[in-house]
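Here are my notes on this one, in the order I'd go through it. Have the model open while you read.

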Amino acid sequence: MALPENDNPWSFSIKVLSRFDIDTKETFNYEKFRTLCVRLFGADEVEQDEWRVREIFELFDANADGVLNDQELHSCCKWIQTIVNPVNVLLVVDVQNDFIDGTLALRKCGFGQEGLEVVEPINRLLKEGRWNKVIYTQDWHPENHISFFDNLAMRELHPKSEITKETAKPFDTVVFLQPHLAQILWPKHCVKNTWGAELHKDLLILPSSERVYKGQDPDKDSYSAFEKDAEGSSELEKILSAVGATHLYACGLAYDVCVKETCLDGLRLGYPVAVIDDCCRSVEPDDITTKSYTENGALVACSDRILPLVNESKHSLVMAHHAAKFIS
């Protein structure tokens, strides 16, 4: 439903609302907006989360008079356009050998989850989803990376670090002097150009996909795929901007580390984000992590809920709610 960019705001609004049989001759109040949302998201979703509908309306109703004027309605219709014409990007996070069978295999961590279990459901997403772009991320560390327990002797610890070099064990958190930061000490993993850093052999790689390599700075650990380089630029943001991404869907390893930090950064940047929970596995129990996703505005859902969103013009009120905060 692409519309000419030179449409004036009122003409634009009429064209958008006419698709939903919304009468633009009458005052556009909350009841009319709710009717629109029922048509976008379904009655059940609106009834379950009507507080979201109310909050979205209030975001657009800038002067709080209970009615959307022409300019407010124009902002609302831009929001609708984003919902009905999404550019959907799938982020496949760190499905790498070391997290599945290598030095930092999830099954060896406290929660004992099996990283290999994400490969089959992610392949289903890749085969069945109508993605505008697929991006695979990879940890890509130098040998002297600050996060490696094996490299602890290379750098001085801060005098106030509770854990000393003599008492430190893998998975402890120490405080380095220079650079001054707190750091979890991980087993050496995902060293660039090694088997451990490669994507798992059974993971489907789409020819039109992109790669984002993270954690290349030896003095900085970067869990998020949105990490910035020395010039303050993010490779992932460049790719998303180039394709005009509007919605992000994330899966991979680990749900409570790199997937989480990538999603939280995406939310902060204004992207509606969905986390595909049956396509993720965790280092630690995931109840607290799920709460951090939902409290920050992400949709957490299984792939059977996600595929209709990208294939059948279904829409998520949760994702639309987050989008409204950045359009209004």
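**Notes on the cores, the sheet and the salt bridges**

1. Let's start with Tyr249. Setting aside neighbours within four places in sequence, Tyr249 is in contact with Asn88, Val89, Leu90, Leu91, Trp131, Ala274, Ile276, Ile306, Leu309, Val310 and Met319. Keep in mind throughout that this is a predicted model.

2. Tyr249 also matters for the packing picture: the largest nonpolar core has 64 residues, and Leu90 and Tyr249 are the ones that touch the most other members. Which strand gives the most to this core? That is strand S7 (residues 273–281), with six residues. Ala274 and Ile276, both on the Tyr249 contact list, fall within the residue range of S7. There is a second, separate core as well, made of 28 residues, and among them are Leu17, Cys37, Phe60 and Ile83.

3. On domains, the assignment splits the chain into domain 1 (9–84), domain 2 (89–145 + 189–310) and domain 3 (149–185). Note that domain 2 comes in two segments. The centres of domain 1 and domain 2, taken over C-alpha atoms, are 34 Å apart.

4. Now the sheet. Six strands form an open sheet in the order S5-S2-S1-S6-S7-S8, and the pairing is parallel. S5 and strand S8 (299–301) are the edge strands, each pairing on one side only. On average, neighbouring strands here are turned by 25° against each other, direction ignored. If you want one pair to look at, take S2 and S5: they run parallel and are joined by five bridges. Ile135 stands opposite Glu210 in S5.

5. Salt bridges next; the structure holds 20 of them. Side chains of opposite charge can pair when their charged atoms come close. One pair is Asp101 with Arg107, where the closest N and O atoms are 2.9 Å apart. Are these two partners buried or exposed? Neither label fits: Asp101 counts as partly exposed because its relative accessibility is 38%, and Arg107 is also partly exposed, at 37%.

6. Asp304 and Arg124 form another salt bridge, again with 2.9 Å between the closest N and O atoms. This pair links distant parts of the chain, with Asp304 in helix H11 (residues 303–311) and Arg124 in helix H7 (residues 119–128), 180 residues apart. Asp304 has 51% relative accessibility, so it counts as exposed, since the cut-off is over 50%. Arg124, at 31%, counts as partly exposed.

7. Then have a look at Arg155 and Asp219, a salt bridge whose closest N and O atoms lie 3.1 Å apart. Where do the two partners sit? Arg155 is in the loop between strand S2 (133–139) and strand S3 (173–176), while Asp219 is in the loop between strand S5 (210–214) and helix H8 (235–243). They are 64 residues apart, and the pair links distant parts of the chain. Arg155 counts as buried because its relative accessibility is 9%, and buried means under 20%. Asp219, by contrast, is partly exposed at 34%.

8. Last point: the salt bridges include a network, in which Asp94, Asp139 and Lys214 are linked. Asp139 falls within the residue range of S2 and Lys214 within that of S5, and those two strands are the parallel pair from point 4.

Definitions and conventions. Residues are numbered from 1 along each chain as its sequence is written. This is a predicted model: local features need pLDDT of at least 70, side-chain atom pairs count only at pLDDT 80 or more; totals for chains, interfaces and linings use all residues. Side-chain values use heavy atoms; hydrogens and water are left out. A salt bridge is a side-chain nitrogen of Lys or Arg within 4 Å of a carboxyl oxygen of Asp or Glu. Buried means under 20% relative accessible area, exposed over 50%, partly exposed in between (1.4 Å probe, protein chains only). Helices (H or I, at least four residues) and strands (E, at least two) are DSSP runs, numbered from the N terminus. Domain bounds come from an automatic or database domain assignment. A nonpolar core is a set of buried Ala, Val, Leu, Ile, Met, Phe, Trp, Tyr and Cys residues joined through side-chain atoms within 4.5 Å. Contact means heavy atoms within 4.5 Å. Two strands pair if DSSP finds at least two bridges between them. Axes are lines fitted to C-alpha atoms, for helices over the stretch in contact, and angles run from 0 to 180 degrees between N-to-C directions.
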